[in-house]
Amino acid sequence: MIRIDAVTKRYDDGTVAVDRLSLDIPDRAITVLVGPSGCGKTTTLRMINRMVEPTEGGIFLDGADIRRQPVDSLRRSMGYVIQNAGLFQHRTILDNIATVPRLLGWSKQRARGRAAELMERVGLDAALARRYPYQLSGGQQQRVGVARALAADPPVLLMDEPFSAVDPMVRKGLQDELLRIQAELGKTIVFVTHDIDEAVKLGTMVAVLREGGRLAQFAPPVELLSAPADAFVEDFLGADRGIRRLSFFPSAGLPLETAPLVPLDADAERLAAGADAPYLLVTDADGRPLGWAEPGRPLERDRLLDHGRPFRPGTDSLRSALDGAVLSPTGWAVAVDGEGRALGVVSQRVIGDAIRAAHGRAGADAGAVR
Ligand SMILES: Nc1ncnc2c1ncn2[C@@H]1O[C@H](COP(=O)(O)OP(=O)(O)OP(=O)(O)O)[C@@H](O)[C@H]1O
Ligand SMILES: [Mg+2]
């Protein structure tokens, strides 16, 4: 664990960048520092690897004061990734990634072997190995930055707005990749961003900082969304807090109705069985949804209503289920399995009941923690 204990950083000109900050950063998880520009995020990150020294307070790595550790070995145990990747422009991609292993005295061959392995891990095509950074897109360069930071297999990764210079689609891909890498490698990651959505998506724990380097709240994302500590945090979280919070509740427990499911070639008897449902969900021969039909009428494929976007109960959240119901012209969401076959349907009202029950449980949990 990295313990930041009552740390203050006052720069020489008197600027207080960080003010009595205390944080316990858990091992093998992503902790996000988020807050407006100038609130001391970069300063905090750089104090962890001693690129900046605190004015007061201390930082402890597994209980040991980092000031007692040689700076070199401390930094080797912490990969560092910055915006725009900060690659060496005159070195190939492979040699950029191999930089730290080479510094550690690995042979060229072993370092390059490790670099090639990491390219694959961060989703870079091996064909890019011999290129130079300027020959890569921004998103590819960021991946190289992550691979380079992972090269010596440090237990800690410090990441300062690593994805903020790329477009939203590429950014989403990089975020997903980071979550996958984290799940595989179990690194302790401290991640700085000013984007609260990125913080909520990536963070196991999120520290919201305010101007003057003061901590506003330190909590798991679902708790931030449920119970912002004050008006600043609430404002920072922005609109749709309630809807966004639904991303943290599974849709797996929703009761699904199967009676309205009918195949396109259903016979009269089968159609009669679903006659009580307000709508029928018509499926193809493999059970995949085709669209909605009204009961009591012959099924005609080209007269079906769009079934909206289905959700997967095992993997998707209540937010996806609600979204499916809102997008569906019937107000019912369609649940599908991994192969896209219909499992059942669920109404907005039933989803609403599940949301209220989930809120009740979350409220009780939050109460128990305090
Ligand atoms: N070397 C320095 N000397 C004096 N003041 C500094 C120095 N570095 C940073 N600061 C000031 O400290 C405060 C915090 O800066 P820091 O870079 O940590 O903020 P940040 O949260 O990373 O901001 P951003 O989101 O813009 O990157 C700012 O007011 C900044 O101007
Ligand atoms: Mg910064």
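**Exercise 1. The whole protein**

What percentage of the 370 residues in the protein do buried residues make up? Describe the overall build as well.

*Solution.* Start with the source: this is a predicted model. Step one is burial. Buried residues account for 47% of the 370 residues. Step two is the list of elements. The protein has 14 helices and 15 strands. Step three is extent. Along the principal axes, the C-alpha atoms fill a box of roughly 80 × 50 × 30 Å. Step four is the surface. The accessible surface comes to about 17800 Å². Carbon and sulfur atoms hold 49% of that surface. Step five is contacts along the chain. Take the contacts with a separation of 6 or more; 61% of them join residues 24 or more positions apart.

**Exercise 2. The shell around ligand 1**

Which residues are around ligand 1, and which helix gives the most to the shell? Then sort the shell by class and find polar partners for the ligand.

*Solution.* First, list the shell. It consists of Y11, D13, T15, A17, S37, G38, C39, G40, K41, T42, T43 and E161. Second, look for the main helix. Helix α1, residues 41-48, gives the most, with 3 residues. Third, sort by class. The shell has 3 nonpolar, 6 polar and 3 charged residues.

Fourth, check distances to oxygen atoms of ligand 1. A backbone N or O atom of G38 lies 2.8 Å from one ligand oxygen. For K41, a side-chain N or O atom is 2.8 Å from an oxygen of the ligand. For T43, the side-chain distance is 2.6 Å. The cut-off for a polar contact is 3.5 Å between N or O atoms.

Fifth, ask how much of the ligand is covered. On its own, ligand 1 has 640 Å² of accessible area, and the protein covers 61% of it.

**Exercise 3. Helix α6**

Is helix α6 mostly covered or mostly uncovered? Compare its span with the expected value, then find what covers its buried residues.

*Solution.* Begin with the span. Helix α6 runs over residues 138-150 and has 13 residues. From first C-alpha to last, helix α6 reaches 19 Å, close to the 18 Å expected at 1.5 Å a residue. Next, count burial. Of the 13 residues, 11 are buried, so α6 is mostly covered. The buried residues include G139, Q141 and Q142 near the start of the list, and A149 and L150 at its end. Last, find the cover. It includes the strands β6 (78-82) and β7 (156-160). It also includes the helices α3 (93-97), α4 (99-103), α5 (108-121) and α7 (168-185).

**Exercise 4. Two threonines**

Are T31 and T188 buried or exposed? Place each in its strand and list its contacts.

*Solution.* Take T31 first. T31 lies in strand β3, residues 30-34. Its relative accessible area is 0%. Buried means under 20%, so T31 is buried. Beyond four places in sequence, T31 touches I25, P26, I189, V190, F191, M205 and F218.

Now take T188. This residue is found in strand β8, residues 188-193. T188 has a relative accessible area of 5%, so T188 is buried too. Leaving out neighbours within four places, the contacts of T188 include I2, I25, P26, D27 and R28. Among the others are P155, V156 and L157. One polar reach stands out for the exercise: the side chain of T188 comes to 2.9 Å from the backbone nitrogen of R28. Finally, check one distance. T188 and E120 are 68 residues apart in sequence and 21 Å apart in space, C-alpha to C-alpha.

**Exercise 5. Two arginines**

Where are R180 and R288 found, and which side chains do they contact?

*Solution.* R180 is found in helix α7. Its relative accessible area is 33%. Partly exposed lies between 20% and 50%, so R180 is partly exposed. Its side chain makes a polar contact of 2.7 Å with the side chain of E184. The C-alpha atoms of R180 and T44 are 26 Å apart, with their positions 136 residues apart along the chain.

R288 sits in the loop between β12 (280-283) and β13 (289-293). R288 is partly exposed, at 31%. The side chains of R288 and D286 are joined by a polar contact of 3.3 Å. Beyond four places in sequence, R288 is in contact with V282, T283, E339, G340, R341 and A342. R288 and V336 are 48 residues apart in sequence, yet 8.0 Å apart in space, C-alpha to C-alpha.

Conventions: Residues numbered from 1 in each chain as written. Chains lettered and ligands numbered in written order. Predicted model: local features only at pLDDT ≥ 70, side-chain atom pairs only at ≥ 80, totals over all residues. Heavy atoms only, no water. Near = heavy atom within 4 Å. Polar contact = N/O pair within 3.5 Å; in protein donor to acceptor, adjacent residues only side chain to side chain. Areas by Shrake-Rupley, 256 points an atom, 1.4 Å probe, with all protein chains shown as cover. Helix = DSSP H or I, 4+ residues; strand = E, 2+ residues; numbered from the N terminus. Nonpolar A, V, L, I, M, F, W, Y, C, P; charged D, E, K, R; others polar. Expected span 1.5 Å × (residues − 1). Buried < 20%, exposed > 50% of the residue type's maximum accessible area, 1.4 Å probe, protein only. Contact = heavy atoms within 4.5 Å.
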